[in-house]
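Could you walk me through this structure while I have it open in my viewer? I would like to know what to select at each stop and what I will find there.

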Amino acid sequence: MVDREKLYQAILTGDAKSARALTEEALKESVDPKELLDKTLIPAMDEVGRLFETNEYFVPELLISARAMKSALELIKPLLAEKGAEPAGRVAIGTVKGDLHDIGKNLVAAMLEGGGFEVVDLGVDVSPEAFVTAAKDKGASIIALSALLTTTMPAMKKVVAALEEAGIRERVKVMIGGAPITQRYADEIGADGYSDNASGAVALARSLAAKVPAAA
Amino acid sequence: MNPRERFHATLHYLPRDRCPIMDFGFWSETLVVWREQGYPEGADPDEFFGMDPQWIGCGGEVGLRPTFEERVIEDRGESEVVRQTDGVIVERGKFLGSIPRHLDHSLKDRDTWERHYQPRLMPDDPNRFPPSAEWRLKVEELTRPDREYPVFLNVGSLYGLPRNWFGLERISELVYDDRKLLEEIVETLADVIVSVIETTCAAGIRPEAANFWEDMCYRSGPLLSPKVFRELLVPQYKRITSVLHRHGVDIVFVDCDGKVDDLTPLWLEAGVNMMFPIEVGTWNADVVEFRRRFGKDLRLMGGVDKRILAGPKEGIAREIERLAPVVEEGGFIPTPDHRVPPDVPLSNYIFYLEEAKRIWGKGLSNIRPTSIPVRSGATLAAGALP
């Protein structure tokens with residue numbers, strides 16, 4: 001029997017090689033991939049997030065843990081797809097139009113994947129229409145917007161407006177983040193939530209996913 | 001008092017006539033937008049706004065020598081892909097946006113370090129200084145006993161530069177994947193910095209301050225844990241600051257954006273004694289709180305909420321009043337907490353400066369007047385107005 005605690009620790013300490021080997025071993029032993037994800041891997045990433053929020057982990061620790069998680073997910077994802085297992089939610093993430101910065105966006109995307117979300121990364125300089133298309137065609141129920149500059153953050157409001165215009169605002173939640181962003185700004189533009197860090201973004205996405213209306 | 005004496009007195013808590021009136025700088029787009037509001041094309045901002053002299057450097061180059069040749073790899077219409085002089089491949093907007101996006105890096109591992117970067121970081125490379133005739137003239141100017149302006153010695157970076165060269169993700173991984181390589185890079189940079197300090201000071205130049213640039217924090221805290229910072233960087237900072245102190249350079253500051261308070265005690269321990277720019281906008285930093293927490297050992301520069309400059313004038317006046325007690329106490333040079341963005345109207349910026357000169361500068365007659373723009377493109381000095 002594979003040692004689950006070792007796998008948990010491999011994610012926590014960012015040991016990608018062990019995380020992959022132990023995941024492989026568990027799958028060979030016919031452990032249910034969804035159960036492995038929900039009971040071992042996601043809790044390990046949640047602990048990484050907690051340590052990040054309490055200033056025990058910093059960006060390097062977060063990144064190597066996300067890398068270890070990714071190495072395990074590479075093995076698990078195809079099996080989950082085969083079984084038709086639903087992710088925690090589908091998030092379309094991108095840096096808004098006019099803004100080319102992606103470090104914060106990439107960190108949030110990695111943590112969301114580690115948190116069990118399916119992430120559609122739209123990249124940088126993303127138009128409001130592209131977010132609308134991702135919601136319609138990729139089934140994203142959460143739109144995550146990033147901006148680094150005070151001059152580009154108004155583009156977030158345009159995305160909210162585009163979702164309204166497309167008639168899908170009610171079924172899509174919008175979360176925002178980035179250096180100049182505040183909760184006040186999120187309220188001002190009608191976004192559903194704001195997080196000031198990658199770990200908090202996972203908790204926010206979970207709470208928003210729970211509020212997404214069931215598909216008709 | 002001349003600006004040099006005023007700068008020294010301010011940062012040593014000595015009696016002085018007034019606080020220096022200085023600035024951080026402007027987005028390039030800001031000056032373009034301001035031209036439509038009356039700012040004359042090609043004008044020098046310091047001259048136009050009548051500020052005390054600032055950011056005058058005095059040493060050699062502490063980065064790559066020679067640099068990579070800059071070349072455009074791809075034209076993408078509104079943006080272009082460029083290999084910069086530091087070897088980083090970036091996409092940068094042609095028209096807007098102040099920070100380019102990193103696409104790829106020439107530095108990836110030990111092999112690329114040894115082939116492309118280490119040879120460009122030879123401490124005794126004579127090309128770190130201008131050609132001898134030019135350097136002689138510069139030394140002559142900077143060592144004049146009657147020099148009236150302060151000069152800064154750029155002592156580079158131990159983390160910021162390699163972070164740019166590698167990219168944040170790769171350098172973060174290397175903390176765990178190859179710490180020895182990182183240590184070697186930091187030590188090499190320190191070797192270069194020490195060599196530049198020694199050569200500069202041997203020429204007789206005595207800078208008023210030395211400045212590191214790191215930008216290693218973001219809105220929630222540092223990009224490295226304090227533990228790794230202490231192990232990796234503090235020993236080399238100490239090495240550099242001890243050389244500076246030996247040459248009588250006793251003001252050493254770090255230019256670091258973001259939430260710096262977790263690292264500030266470690267910088268103090270490493271011989272740094274001033275932080276800049278204490279960003280209010282990013283994480284609600286407050287120079288009043290910084291002074292309470294770190295005392296007079298830590299000097300401060302920056303700390304003015306630049307976002308307020310785009311708002312009502314009452315808010316600008318309040319911000320100036322808020323900082324006045326720390327200005328009065330000394331050890332603090334107020335400037336906007338980052339470069340002034342284009343959403344700040346020129347008239348607001350002039351109002352800010354006039355208020356700053358009145359309150360922080362005590363309205364003394366040795367403050368140069370702010371020029372008042374007029375639509376024809378000509379300007380008038382405020383003091384010349386009836």
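Here is a short tour of a predicted model, with a strand, a hairpin, a sheet and a chain contact as its stops.

Start by selecting residues 71-75 of chain B, which form strand S1. Of these five residues, the number buried is zero, so the strand lies largely in the open.

Next, add residues 79-83 of chain B, strand S2. S1(B) and S2(B) run antiparallel and are joined over four bridges. To see individual partners, show B:Arg71, whose bridge partner in S2(B) is B:Arg83. Then pick B:Asp75, which stands opposite B:Glu80 in S2(B).

Now move to the turn of this hairpin, where three residues sit between the strands. Select B:Gly77 there and check its backbone: the phi is positive, near 85°.

Widen the selection to the whole sheet. It is an open sheet of four strands in chain B, ordered S1-S2-S3-S4 with antiparallel pairing. S1 and strand S4 (101-105) of chain B are at the edges with a single partner strand each, so one side of each has no neighbour in the sheet. On average, neighbouring strands of this sheet are turned by 25° against each other, direction ignored.

Finally, bring chain A into view. Here 25 residues of chain B are in contact with 20 residues of chain A. On the chain B side, the elements giving two or more residues are strand S3 (88-93), helix H7 (168-177), strand S8 (221-222) and helix H12 (280-283). Colour H7(B) to spot the element that gives the most, with six residues. By type, the chain B side divides into 11 nonpolar, eight polar and six charged residues.

Notes. Residues numbered from 1 in each chain as written. Chains lettered and ligands numbered in written order. Predicted model: local features only at pLDDT ≥ 70, side-chain atom pairs only at ≥ 80, totals over all residues. Buried ≥ 20, exposed ≤ 12 C-beta atoms within 10 Å, placed from the backbone. Pairing = 2+ DSSP bridges. Contact = placed C-beta atoms within 7 Å. Nonpolar A, V, L, I, M, F, W, Y, C, P; charged D, E, K, R; others polar. Axes fitted to C-alpha atoms, helices over the stretch in contact; angles between N-to-C directions.
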